[in-house]
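Thanks for coming, everyone. Please have the sequence and the model open while I talk, and stop me if a definition is unclear.

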Amino acid sequence: MNNEKQIVDALRKRGNKVTPQRLVTIEVLMTFREQHFSVEELFQGVKQRNPDVGMSTIYRTVQILEEMGLITKRNFDDGFARYELCELDEKHWHHHLICLKCGKVIEMQDDFLEALEKEIEEKKDFIIINHELKVYGYCSDCYAITKGDKFD
Ligand SMILES: [Zn+2]
Ligand SMILES: [Zn+2]
Ligand SMILES: [Zn+2]
């Protein structure tokens, strides 16, 4: 698990300045744990705590944290780039279940792909570093509403 202090320490170690504006950005970022957030959402959250923080600080901080592998960019095919916090102990990215009706994204923490990875590495002579799995369908809310009807 990353906490605020670990991120701040890692930034300082890397030679990045941790200004009060950057600190607020990181504080708000931590409230988005297990969520998929856009830079705009992060900006709105930061603005509530400190109206002096500019969009460029947010962008720059997000960019640095992405370079450090502490957050990753995600694309859920809805036209927005979103980010999420990476856990230090996360070996492979977790999977996402995407509802085609309401756009909800559900986290799936289990990998379940170990057998497939082993087979690929053996049969294809290929070393796997990571993978991203997106599963499309209907969440329980949407499935309940459209039950009996045909999905469009
Ligand atoms: Zn895996
Ligand atoms: Zn849904
Ligand atoms: Zn996720």
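**Three zinc sites and a domain contact**

Let me begin with the zinc ion (ligand 3), whose donor residues are spaced along the sequence as H-x47-E-x9-H-x1-H-x10-E. Before going further, I should say that this is a predicted model, in which local features need pLDDT of at least 70 and side-chain atom pairs count only at pLDDT 80 or more, while totals for chains, interfaces and linings use all residues. Residues are numbered from 1 along each chain as its sequence is written, chains are lettered from A and ligands numbered from 1 in the order in which they are written, and side-chain values use heavy atoms, with hydrogens and water left out.

Which atoms are the protein donors of this zinc ion (ligand 3)? They are H36 (NE2), E84 (OE), E84 (OE), H94 (NE2), H96 (NE2) and E107 (OE), and they lie 2.0 to 2.4 Å from the ion. A donor here is an N, O or S atom within 2.8 Å of the metal (3.2 Å for Na, K and Ca), and since water is not among the atoms, sites may look incomplete. The angles among the six donor atoms of the zinc ion (ligand 3) run from 55 to 172°, and the site is irregular. As for that word, four donors count as tetrahedral if all angles lie between 85 and 135 degrees, four count as square planar and six as octahedral if opposite donors are over 155 degrees apart and all others between 65 and 115, and anything else is irregular.

H36 lies in the loop between α2 (20–30) and α3 (39–49), whereas E107 lies in strand β4 (residues 105–108), so the pair ties together parts that are 71 residues apart in sequence. Helices (H or I, at least four residues) and strands (E, at least two) are DSSP runs, numbered from the N terminus. H36 is buried, at a relative accessible area of 15%, while E107 is partly exposed at 21%; buried means under 20% relative accessible area, exposed over 50%, and partly exposed in between (1.4 Å probe, protein chains only).

Turning to the zinc ion (ligand 2), the coordinating atoms are C99 (SG), C102 (SG), C139 (SG) and C142 (SG), at 2.3 Å. The arrangement is tetrahedral because its four donor atoms subtend angles of 105 to 116°. Along the chain the spacing of these donors is C-x2-C-x36-C-x2-C. C102, in the loop between β3 (95–99) and β4, and C139, in the loop between β5 (134–137) and α6 (140–146), link distant parts of the chain, 37 residues apart. C102 is partly exposed, at 44% relative accessibility, whereas C139 is buried, at 5%.

The zinc ion (ligand 1) has H92 (ND1), D111 (OD), E117 (OE) and H131 (NE2) as its protein donors, lying 1.9 to 2.2 Å from the ion. Here the four donor atoms subtend angles of 78 to 136°, which makes the arrangement irregular. D111 is in the loop between β4 and α5 and H131 in the loop between α5 and β5, so this pair ties together parts that are 20 residues apart in sequence. Both D111 and H131 are buried.

Two further loop residues deserve a careful look. F112, in the loop between β4 and α5, has a positive phi near 65° although it is a residue other than glycine, and F112 is exposed at 60% relative accessibility. D125, placed in the loop between α5 and β5, also has a positive phi, of about 50°, without being a glycine, and D125 is exposed at 72%.

Finally, the domains. The assignment, which comes from an automatic or database source, gives domain 1 (1–90) and domain 2 (91–152). Their centres, taken over C-alpha atoms, are separated by 25 Å, and the contact (heavy atoms within 4.5 Å) takes nine residues from domain 1 and 12 residues from domain 2. About 990 Å² is buried between domain 1 and domain 2, with carbon and sulfur atoms giving 47% of that area; buried area is the accessible area (1.4 Å probe) that two parts lose on being put together, summed over both.

How many salt bridges does the rule find across the interface of domain 1 and domain 2? It finds one, where a salt bridge is a side-chain nitrogen of Lys or Arg within 4 Å of a carboxyl oxygen of Asp or Glu. The side chains of R74 and E132 meet in a salt bridge, at 3.5 Å from N to O.
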